[in-house]
Amino acid sequence: MAWRNRRGALRAILSGSACVRPASVYDAISIRIADDLGFPLGMFGGSVASLAILGDPDIALITLTELAEQMRRMARAAALPVLVDADHGYGNALNVRRTVQELEAAGAAGLTIEDTLLPQAYGEASPQLISREEGLGKIKAALDARLDPSLVIVGRTGACAITSLDDAIDRAVAYQAAGVDALFFTGVKTRPQLDAIAAATTLPIVLGSPPAELTDWDYLAAQRVRIAVQGHAPIAAATEAVFNTLSAIRNGATPKQLTGLASAELMDQVTRADVVAERGAHFLGLKRS
Ligand SMILES: O=C([O-])CC(=O)C(=O)O
Ligand SMILES: [Mg+2]
């Protein structure tokens, strides 16, 4: 089955020896561009899902149905494997099971479940974690829900930035023992922190948007970091482009005066115009121009 190939490709990254920098993807066009540019992996962040679908910041207003539908659209548009940020799994451990089922059916190659308390708690300005026990229950539920054993389940902890490095390691060791395929850490700031994490665990590591001190890919690879997320610049670039284009039009520019637009060739490429024309000829009796 085609999904299995994508999941196999993500597994090959995790079991390889290099540190991959995924493309931040969020819709059908962005995943096709990432695929055409030769990225080996797409990352569908919860923050960009919120932006692309709701135009909202990353505050857990998005629903599982909306996330899964967007993943389905991307999986249809390109075969690039996608690692989905499934946040806290959209509820408790039983909701996590449902989240895994929906994202698996939508064609995700893998997904991450994190231990951040979401949505934000009443009266708490700074992020909180759920307990280690509840986090572990969610991870076990995620593993239990998987029908295709090749679907990659990543246990993610934000403890480094919220509680402590020791807590992050403690949680990761528990997720590892439960059987996750990889460990995702956010908030790791220094080499000694990463060294300690790598020494205490054995699974492949995913790092969320690492700081400058952690951008030597060979060093990261040597610490078993297989995926280093690079933020989500493409949707910011797209927002700037739409803003500039609409500003110019609003200020009186004619279509010919606009700059920074995709060429006709690029638009044909992202819409797979050749393939569509081929199908039109085969199935609809259309003459190719
Ligand atoms: O997935 C990432 O790169 C970080 C994250 O949690 C998000 O953007 O929602
Ligand atoms: Mg997120």
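## A briefing on an eight-stranded parallel sheet

Strands β3 and β4 (residues 110-114) run parallel and are paired over three bridges. Strands and helices here are DSSP runs, numbered from the N terminus, with at least two residues (E) for a strand and at least four (H or I) for a helix; two strands pair if DSSP finds at least two bridges between them. This is a predicted model, in which local features need pLDDT of at least 70 and side-chain atom pairs count only at pLDDT 80 or more, while totals for chains, interfaces and linings use all residues. Residues are numbered from 1 along each chain as its sequence is written, and chains are lettered from A and ligands numbered from 1 in the order in which they are written.

**The sheet**

- Find the open sheet of eight strands, whose order is β1-β2-β3-β4-β5-β6-β7-β8 with parallel pairing.
- At its edges stand β1 (23-24) and β8, each with a single partner strand, so one side of each has no neighbour in the sheet.
- Strand β2 (residues 42-44) pairs with β3 in the parallel sense over three bridges, and Gly-42 has Val-82 as its bridge partner in β3.
- On the β3-β4 pairing, Asp-85 has Thr-112 of β4 as its bridge partner.
- Five bridges link β4 to strand β5 (residues 152-157) in the parallel sense; Gly-110 is opposite Val-152, and Glu-114 has Arg-156 as its bridge partner.
- β5 also runs parallel to β6, joined by four bridges, and here Arg-156 stands opposite Phe-184.

**What is covered in the strands**

- Burial is a matter of counting: a residue is buried if 20 or more other C-beta atoms (placed from the backbone) lie within 10 Å of its own, exposed if 12 or fewer do, and partly exposed in between.
- In β3 (residues 82-85), Val-82 and Val-84 point one way and Leu-83 and Asp-85 the other, and all are buried.
- In β5, six of its six residues are buried: Val-152, Val-154 and Arg-156 on one side, with Ile-153, Gly-155 and Thr-157 on the other.

**Crossovers between strands**

- β3, helix α5 (residues 93-105) and β4 form a right-handed β-α-β unit; right-handed means that, with the strands pointing away from the viewer, the path from the first strand over the helix to the second runs clockwise.
- A second right-handed β-α-β unit consists of β4, α6 and β5.
- Lys-138 sits in helix α6 (residues 132-145), and this lysine counts as buried because Lys-138 has 27 C-beta neighbours inside 10 Å.
- From C-alpha to C-alpha, Lys-138 and Asp-115 are 8.5 Å apart, although 23 residues separate them in sequence.

**Loops and backbone angles**

- As background, most residues other than glycine have a negative phi, and most peptide bonds are trans.
- Tyr-90 has a positive phi, near 65°, and is located in the loop between β3 and α5; Tyr-90 counts as buried because of its 20 C-beta neighbours inside 10 Å.
- Arg-224 is not a glycine, yet has a positive phi of about 70°. Its place is the loop between α10 (217-222) and β8 (225-228), and with 19 C-beta neighbours inside 10 Å Arg-224 counts as partly exposed.
- Leu-118 and Pro-119 are joined by a cis peptide bond, with omega about -15°, and Pro-119 belongs to the loop between β4 and α6.
- Thr-186, in the loop between β6 (182-185) and α9 (191-200), is buried, with 21 other C-beta atoms within 10 Å. Its C-alpha is 9.8 Å from that of Glu-114, with the two residues 72 apart along the chain.

**Domains, a helix and the ligand**

- An automatic or database domain assignment divides the protein into domain 1 (2-232) and domain 2 (260-289), with 35 Å between their centres, taken over C-alpha atoms.
- Helix α11 (residues 233-250) has 18 residues and reaches 25 Å from first C-alpha to last, close to the expected 26 Å, where the expected span is 1.5 Å times one less than the number of residues.
- α11 is hardly covered, with zero buried residues among its 18; just after α11, Gly-252 takes a positive phi of about 105°.
- Around ligand 1 are Met-43, Gly-45, Gly-46, Ser-47, Asp-58, Asp-85, Gly-208, Ser-209, Val-229 and His-232, where a residue belongs if its C-beta atom, placed from the backbone, lies within 6 Å of the molecule.
- This shell has two nonpolar, six polar and two charged residues: Ala, Val, Leu, Ile, Met, Phe, Trp, Tyr, Cys and Pro count as nonpolar, Asp, Glu, Lys and Arg as charged, and the others, Gly among them, as polar.
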